[in-house]
Structure formats: structure tokens, C-alpha cells
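Subject: Handover of a structure for your review

Dear colleague,

Please find below the structure that I am handing over to you. My notes on what was found in it follow.

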Amino acid sequence: MANEAYSDPAPVPQAVTAPVTAREQTARKINAAPRRRQPVPLSIMGGSTAPQNAYILFLLVNITLFLRPAELIPALANLPIYEVLILSSFFLSLDQIKRTVKLPMLKRQPITLCVIGVLAAVALSHASHMYFYGIRTSTVMFLKTLMYFLLLVSIIDSPQRLKGLLKTIAISSSVMILLCVIDYAGIIDFEFIKHVSDRDGVSDAGEVIRVFRMRGTGIFQDPNDLSVLIVTTGVLCWYFFNDPAASPLRFLWIVSMIILGIGLIYTRSRGGLLTLGIAGMVFVLPRYGKKAAIACAVVGMAGVTVLAGRQGNIDLNSGTGHDRILLWREGLTALKSPDLLFGIGEGQYSDLAGLAAHNSFVHAFTELGLFGGTFFIGCFFFAALGLYRLAQFQSRNQGRPIFRSRELERLLPYVAAILAAWCGGMMSLSRCYVVPTYMVVGVCASYLNLAGASLARPTPLVYWNKQHVIYLIGVSMAMFIAFLIFVRIFAH
């Protein structure tokens with residue numbers, strides 16, 4: 001393979017039968033010199049690495065996603081800080097981005113191809129209805145998300161950079177959640193944080209029951225959205241706490257996890273609690289096997305039922321759980337024959353049903369049709385497939401390392417848990433087009449790029465070919481049919 005080192009050629013003795021010219025002597029010296037081994041690239045994408053300045057700017061982009069300067073300092077409200085940072089990072093790493101979007105590289109990393117496919121689906125969802133204004137606005141909107149994703153997979157090209165990005169995300173989101181917890185508890189009143197009082201059913205006396213729930217800042221205004229972020233951040237905190245190379249200050253990650261646990265309770269989110277259970281099962285599974293994962297699930301469900309109050313009361317036949325299933329039915333019913341392929345149009349679900357679908361996969365199928373829904377599912381299908389293959393390699397190797405990088409070996413169960421947590425959260429949230437979703441997808445793509453190059457025999461873990469496309473279409477159709485059957489059974 002191109003990434004493998006070359007071996008030294010065996011010398012071939014030659015008899016000198018004629019005077020040797022100076023040019024021939026020079027050529028022989030060059031051929032006789034030992035051939036240097038080609039360094040193995042850190043990523044299967046190969047090529048030159050992005051400048052350090054672009055990486056630092058990209059870290060600042062991620063900080064502004066969680067700690068928005070305009071909210072913390074009102075005087076900065078009119079400054080396009082995020083836009084300046086991301087555009088500067090984009091232009092500094094333009095060569096790496098150009099390489100990432102070339103067809104051979106897209107085949108090596110089909111997750112990137114699927115994200116670009118979602119952009120095409122967004123445009124086609126409006127083009128199929130001849131809605132030209134929607135084509136322009138929706139395409140520009142998702143282009144910003146695509147720009148972030150391309151930056152992530154182009155710049156994060158070493159284990160050190162991946163670890164630095166994850167630490168930036170963990171610290172920034174932990175600080176944001178800490179501010180929300182302080183405000184919710186009434187310790188300090190931050191003007192930029194507003195919590196919400198939600199309807200939670202009706203009492204036996206006919207009175208409306210309301211619950212006060214913690215919200216986040218910026219793009220995390222939904223308590224359910226915030227709860228999924230809390231679980232994801234908790235996985236990252238656990239990863240850094242278990243870092244054998246960390247200083248004694250690593251115990252601060254325990255403090256962060258305690259704050260995250262309090263925040264999860266304050267969100268009063270059932271979906272967040274389910275997300276925590278899913279992340280825990282996936283984390284335990286590759287280390288301790290199926291029996292341990294099932295045992296953890298049973299103990300967790302029993303504990304949730306007893307201790308979690310509202311969050312442990314999950315009912316699909318009434319309340320908000322059933323209301324969401326009715327929203328799924330509205331969207332899936334709208335996919336009649338004219339809209340089945342390209343959907344009803346990006347951003348049109350709320351006009352159809354009054355609210356978002358509260359399920360990212362149903363939302364994608366309805367707005368983008370089978371075409372766009374398949375590409376959206378592909379982002380997570382290829383990520384999960386690559387991680388599954390790595391877990392299989394580990395199992396067959398009977399505990400021996402499969403990577404040259406020990407850090408990538410240690411990171412595998414944490415990346416799997418983050419992906420599982422976000423997919424579980426998207427079952428109750430509509431987050432098809434926002435940056436945090438593609439942050440998680442991008443982290444998985446970058447990890448697979450690094451992991452494939454770190455194997456004993458460097459190779460892409462997933463590839464865009466006929467076999468994988470058939471698998472993707474099969475998984476997409478199976479999910480679509482499963483949603484139809486589920487809605488038919490529970491929506492009444």
C-alpha cells in the first residue's frame with residue numbers, strides 16, 4: 001500500500017567490462033545509496049498538515065459555539081466573531097480542504113461524502129417544488145455547517161490535535177453548563193440564561209401540571225438538547241480523568257462530572273436519561289461483553305424507575321412521549337408519492353405539523369425524502385460501521401494493541417459512546433442541520449482517519465463502494481419501514 005514503508009532492494013553484483021564515465025559513476029552512487037523509508041502518514045487522508053494557526057483558530061471557533069461572546073459581553077453583540085474565526089481558519093487550511101473533497105479522498109471517507117449529499121438534498125428538496133428562495137436560503141444555511149465539518153476533518157489530522165479538540169469541547173461545554181446550573185439554582189442571575197416552564201400533563205383534578213426546566217445558552221435552548229450535550233461532555237470528562245499521562249489536576253474532571261450530573265437532573269429530560277443509559281451500554285460492551293452491558297441496562301432501568309421521578313416516567317401511550325409520536329405520524333403521512341424521493345422541503349416540517357418532528361431521522365426523511373434521509377443516516381452508519389470493525393479487531397486480537405498509537409486505542413470506547421449518545425438523543429430531537437450534530441460526526445470521521453492509518457497495515461476502515469452503498473440503502477429502508485410500523489402501532 002502507499003502508506004507502507006518500502007524495503008531496501010537487494011544489491012546486484014555487476015562486472016566492470018569497460019571504463020566507467022563520470023555520469024555513470026554518479027548514477028551508481030545514487031542507486032547504491034540506501035533508500036529511506038517513507039514515513040507513515042498519521043491520517044489515511046495523507047498530504048501536508050494544516051498550519052498550526054488554522055488549528056488554534058478552529059479551537060476558538062469551538063469555544064464560541066458554547067461560550068458565545070455576544071451573550072457574555074453585550075458590547076460584543078454586533079461583532080461577527082464566529083464568522084471571522086471560521087473564515088480565517090478555512091482560508092488558512094484551504095489546501096487541506098481541497099484535498100479532502102477530491103473524489104479519491106471522498107471514497108476513503110464516505111462520511112464526508114454523505115454530509116455533502118445532505119447539502120445536495122437540501123437544495124433538491126426545494127428545487128423539486130420550484131421554490132427558488134428556499135434553495136438559496138437553505139443551501140447557504142447548511143453551507144455554514146458543511147464548512148465547519150470540512151474544517152474539522154481537514155485540520156484534525158493527528159492524535160494530539162484530536163485530543164486538543166476534545167479537551168476544548170469538554171472544558172467549554174462544562175463551563176457553559178456550570179453557568180446554567182448556577183443560574184437555575186438561584187445563586188447568580190445571568191441575564192442571558194432563561195429557563196423554561198413546560199407543561200407536563202394534567203392532574204386528576206384537571207389542573208395543568210408544569211415543571212421548571214434548565215436551558216442552556218445560544219444553540220442549546222432546548223432542555224432535551226442540553227441534556228444530550230451534558231451526557232456527551234460527561235463521556236469526555238471521564239476520558240480525560242482516566243488519562244494515565246494526566247497530572248494530579250485530573251481530579252478536577254470529577255468536579256466537572258458532578259456538576260454535569262446536577263445539570264442533567266435540572267433539565268428534567270427523559271431523553272437525556274435514556275441517552276445516558278445508551279452511552280453507558282455502548283461504553284461497557286466492547287470492554288466487558290454483552291452480558292455486562294445487559295446487566296447494566298437492567299440495573300439502570302430499575303434505578304431510573306425508583307429514583308428519577310419525572311425523568312424515569314417514560315410512557316408512549318400518553319403525555320409528551322405520545323405527543324411526539326403523533327408528530328412523527330404527521331411527517332411520515334406527508335410523504336406521499338410526489339414528495340417521497342426529495343421530501344416536502346427543508347424547514348417545512350413546522351408548517352406541516354405545527355412543531356418540529358422531535359426525531360432527527362423522521363425529520364430528515366420528511367423534509368429531504370428518501371434521498372436526503374439516506375445520506376443523513378449514512379453519516380452515522382459509516383461512523384458506526386468503522387467503530388464496529390475496530391472493536392472486532394480488538395476482540396480478535398485478544399486484548400493486544402491493534403494501533404501504533406496507544407492514545408487512539410484508549411479513545412475507541414469513548415468515541416463509540418459519544419456517537420451512541422448523540423444518536424439516542426436524536427431520537428427525540430430534530431437536529432438534522434445544526435453544527436453540534438456534525439461536530440460529533442466529524443470527530444468520528446477524524447478518529448477513523450487516524451485509526452485507519454495507525455493500524456499495523458494502514459487502510460481505510462470504511463469505503464464508498466457498491467457493497468457499502470447497498471448496505472446503506474438497506475439500513476435506510478429498514479429504518480424508514482420501522483418508523484412507519486412504530487407510528488402505526490403507537491399513534492392513536
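Of the contacts in the chain with a separation of 6 or more, 75% are between residues 24 or more positions apart. Please bear in mind throughout that this is a predicted model. The chain has 492 residues, of which 47% are buried, and its secondary structure consists of 19 helices and two strands.

Confidence

The mean pLDDT of the chain is 85, with 83% of the residues reaching 70 or more. Two stretches call for caution. Over residues 1–18 the pLDDT stays under 50, and the model has 17 contacts beyond four places in sequence for them. Residues 32–37 likewise stay under 50, with four contacts beyond four places in sequence. Where pLDDT is low, the predicted coordinates should not be read in detail.

Helix α4

Helix α4 covers residues 81–92, which makes 12 residues. From its first C-alpha to its last it reaches 17 Å, close to the 16 Å expected at 1.5 Å a residue. The buried residues in this helix are L85, I86, S89 and F90. Seen down the axis of α4, they fall within an arc of 130 degrees, so they line one face of the helix. Their packing partners are α2 (52–66), α5 (94–100) and α8 (132–155).

Cavities

The structure holds two cavities of 30 Å³ or more. The largest cavity has a volume of about 120 Å³. It is lined by 13 residues, and those closest to its centre are I169, T232, I418, M439 and V440. Which elements give two or more residues to this lining? They are α9 (159–184), α10 (223–241), α17 (406–426) and α18 (435–454). The largest share, four residues, comes from α18.

Helix α18

Since α18 contributes that largest share to the lining, its own setting may be of interest to you. With 20 of its 20 residues buried, α18 is largely enclosed by the rest of the structure. The 20 residues should span 28 Å at 1.5 Å a residue, and the end C-alpha atoms are indeed 28 Å apart, which agrees.

Two residues of helix α10

Helix α10, which also gives residues to the cavity lining, holds two residues that I would like to describe individually.

L229 lies in this helix. Is L229 buried or exposed? Its relative accessible area is 4%, under the 20% cut-off, so L229 is buried. Leaving aside neighbours within four places in sequence, L229 is in contact with F66, S173, M176, F220 and W422. One of these partners, S173, is 56 residues from L229 in sequence, while their C-alpha atoms are 7.9 Å apart in space.

V235 is also found in α10. At 12% relative accessibility, V235 counts as buried. Beyond its neighbours within four places in sequence, V235 is in contact with A279, Y414, A417 and I418. Among these, I418 is one of the residues closest to the centre of the largest cavity. V235 and L276 are 41 residues apart in sequence, and the distance from C-alpha to C-alpha is 9.3 Å.

With kind regards

Methods
Residues numbered from 1 in each chain as written. Predicted model: local features only at pLDDT ≥ 70, side-chain atom pairs only at ≥ 80, totals over all residues. Heavy atoms only, no water. Expected span 1.5 Å × (residues − 1). Buried < 20%, exposed > 50% of the residue type's maximum accessible area, 1.4 Å probe, protein only. Arc of directions from axis to C-beta. Contact = heavy atoms within 4.5 Å. pLDDT = per-residue confidence, 0-100. 1 Å grid on protein atoms, 1.4 Å probe; cavity = no way out; pocket = protein on both sides within 12 Å on 5 of 7 lines; lining within 4 Å. Points joined across faces, edges and corners; volume = space filled by probe spheres on them.
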